Amino acid sequence: MRQLLLYISLCWCTLTLQAQKYRPPMDHTITFAGNYGEIRSDHYHGGLDFKTGGTEGKVVRALADGYISRIQVNSSSGLVLTVMFEDGYSAAYRHLSSFMEPIASRVKAYQYEHQSWEMELRPSPDEYPVKAGQQIARSGNTGYSMGPHLHLDIFNADDEYIDPLPFFLNKVNDHTAPKAEGFMLFPQPGQGVVNGSQQQQAVALTPQKPVTAWGVVGVGIRAYDYMDGVHNKYGVKFVTLTVDGDTVFQSTVDKFAYEENRYINSWCEGQYMKSFIEPGNKLRMLQAFNGRGGLIEINEERPYRLQYTLSDAFGNISKVSLTLQGKQQEIAPLAYSEENVLHQAQVNVVQRAGVQLVIPRGALYKDAYLDYKQTAGSGVADVYRLTLDAVKLHTGAELQIGVRQQSMADSTKYYIARVGKDGRKSSVGGTNVEGFMKARVLQLGTFTVEVDTVPPTIKPVNVQQWPKLGKVTLQAEDSQTGISSYSATIDGQWALLGKPNSVNNHLVLELDPAHVTKGKRHVLLVTVVDGCGNETTEEFSFVW
């Protein structure tokens, strides 16, 4: 383990030295709301979130000499600039509130020309050159953002997400080590048992009674990093697990490709990071050293001493231990027959009356188990339980469900719905092909077909403030298939209606004197369409 840590430290120091010529993206003292590699839903946090004091409009600067290579406006990252640097690295600045000129004018002209708030441009290297420290934008709260901040991604020459922190190590003080909060034990199905149970179970840092185990068991840890002077929780850079002094697992959160994001569904169980690698998990940040993918085989009645070493980028280290007492216990065989096993390493086809599921090879992270049950549904189609629990997939599976009663002349009104354990339904979309609804699903579970004929709703927000703020704000909602598109006109002319912040989900129209005459009454027409093509148009009259 010592040689491995030395190698990681040398690589880290090399990157840090190479990055010393980079300046921070903002002028104020650096603090972070989030760090690289934090556990998020279906993905890793790909960069650093710089705090902006709870305000928008902070000056954002180029880290080094280069050129603006990409300009984007979308509902996920808001306003985005990507800068390509001379050394081959690039940086994406996300959730901005505004671009600098002449980019701001070019973006608006493009939006009006193409009649779309969402847009993307890829300028040539000679169009927008920048120098280190040059202002390129202002920070904001656009896209899927929970509050004002600047998100910064840095990419290497292979377009992989890398940790931006080495670029700013000399600007940040941190003497606080990561801290563990608990363990999770994963007895392998049909192969292991913990405390007399084959169910995964959480274990406190200091268990009140001995933890007994037998057979093949995986271990996970919930831990967070911290930094001086702030209360935020961050992801842990380095995690090492030893068993009886031998290193069995190491995670090094240093780089990943976009296509690797969903491997987080295999590595993590909630906020617990597994210290073993499932067969379908190809995430390069994980390494196992014991020939079993990090799984522990407990086959002697003795204490097995586990120790975690947690380390951050500044060399702050903490250690935490757990003892598993080997105790022979009965390991019940799998409750599923071979015909109900969904194999990770092969194509799986499930065909029953009214339903078909095709899972490509490698879409599963590990073998899963079919727990099929068919029950009466809403009248359009039956409800099909494929797996008892939700099973995340790395790539999509093709699902078909037969429509029992073609009650709608318009087949676009049907959609496949995922049914939660609480009975709530959420749309996964789909198309109707010869009486079957077909959709690509990224999670197994329970499904049915529903009908959506109810159009969305459009409500004005603080309409009395529109003239004062020079801004129209609307709330569009749809309870079944969600909003798929929206558009607006003012006085018969196309209007630049967008969704700046996807958390509050407001549709916003900035009133621009270049396109809307001031000092008169205006008629605003807004049209919103849901996922099944149901359309609502509302008219609003206001003076500005």
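Which residue does the side chain of aspartate 512 meet in a salt bridge? In this predicted model, the partner is lysine 108, with an N to O distance of 3.0 Å. The two residues come from distant parts of the chain: lysine 108 belongs to helix α2 (residues 103-114), while aspartate 512 sits in the loop between β43 (506-510) and β44 (521-530), 404 residues apart. Their surroundings can be set side by side. Aspartate 512 is buried, because its relative accessibility of 15% falls under the 20% limit. Lysine 108, with a relative accessible area of 34%, counts as partly exposed.

This contact belongs to a set of 28 salt bridges in the structure. As a general point, side chains of opposite charge can pair when their charged atoms come close. A further example joins aspartate 42 and arginine 262, whose side chains meet at 3.6 Å, N to O. Aspartate 42 is found in the loop between β2 (39-40) and β3 (43-44), and arginine 262 in the loop between β19 (255-256) and α3 (264-267), so this salt bridge ties together parts that are 220 residues apart in sequence. Here the aspartate is partly exposed, at 25% relative accessibility, whereas arginine 262 is buried, with a relative accessible area of 15%.

Aspartate 163 and lysine 237 make another such pair, their closest N and O atoms being 2.7 Å apart. The acidic residue lies in the loop between β13 (161-162) and β14 (179-194) and the basic one in the loop between β16 (211-224) and β17 (238-243); the pair therefore ties together parts that are 74 residues apart in sequence. Both aspartate 163 and lysine 237 are buried. Salt bridges also link residues into a network, made up of Glu160, Lys255, Glu260 and Arg284.

Two residues from these salt bridges come back in the surroundings of histidine 394. This histidine lies in strand β32 (residues 391-402) and counts as buried, at 13% relative accessibility. Which residues does histidine 394 contact, leaving aside its neighbours within four places in sequence? They are Glu259, Glu260, Arg262, Tyr263, Gly362, Ala363, Tyr365 and Leu442. Among them, Glu260 is a member of the salt-bridge network, and Arg262 is the partner of aspartate 42. With tyrosine 365, the histidine side chain also makes a side-chain polar contact of 2.9 Å.

Turning to the strands, an open sheet is formed by four of them in the order β38-β39-β43-β42, with antiparallel pairing. At the edges are β38 (457-460) and β42 (497-498), each of which pairs on one side only. Strand β39 (residues 471-477) is joined to β43 by five bridges in the antiparallel sense. Within this pairing, valine 472 has leucine 509 of β43 as its bridge partner. Strand β43 (506-510) also borders the loop that holds aspartate 512, which brings the description back to the opening salt bridge with lysine 108.

The surface offers one more feature to look at. Tyr144, Met146 and Val503 form a nonpolar patch there, with about 360 Å² of accessible area together. Is methionine 146 buried or exposed? At a relative accessible area of 68%, methionine 146 is exposed, because this value is over the 50% cut-off. Methionine 146 is located in the loop between β11 (135-139) and β12 (149-155).

Notes
Residues are numbered from 1 along each chain as its sequence is written. This is a predicted model: local features need pLDDT of at least 70, side-chain atom pairs count only at pLDDT 80 or more; totals for chains, interfaces and linings use all residues. Side-chain values use heavy atoms; hydrogens and water are left out. A salt bridge is a side-chain nitrogen of Lys or Arg within 4 Å of a carboxyl oxygen of Asp or Glu. Helices (H or I, at least four residues) and strands (E, at least two) are DSSP runs, numbered from the N terminus. Buried means under 20% relative accessible area, exposed over 50%, partly exposed in between (1.4 Å probe, protein chains only). Two strands pair if DSSP finds at least two bridges between them. Patches are made of residues with over 30% relative accessible area and no salt bridge: like charges are joined within 9 Å, nonpolar side chains (Val, Leu, Ile, Met, Phe, Trp, Tyr) within 5 Å. Accessible areas come from the Shrake-Rupley method with a 1.4 Å probe; for residues, only the protein chains shown count as cover. A polar contact is a pair of N or O atoms within 3.5 Å; within protein, one must be able to donate a hydrogen and the other to accept it, and residues adjacent in sequence count only if both atoms are side-chain atoms. Contact means heavy atoms within 4.5 Å.
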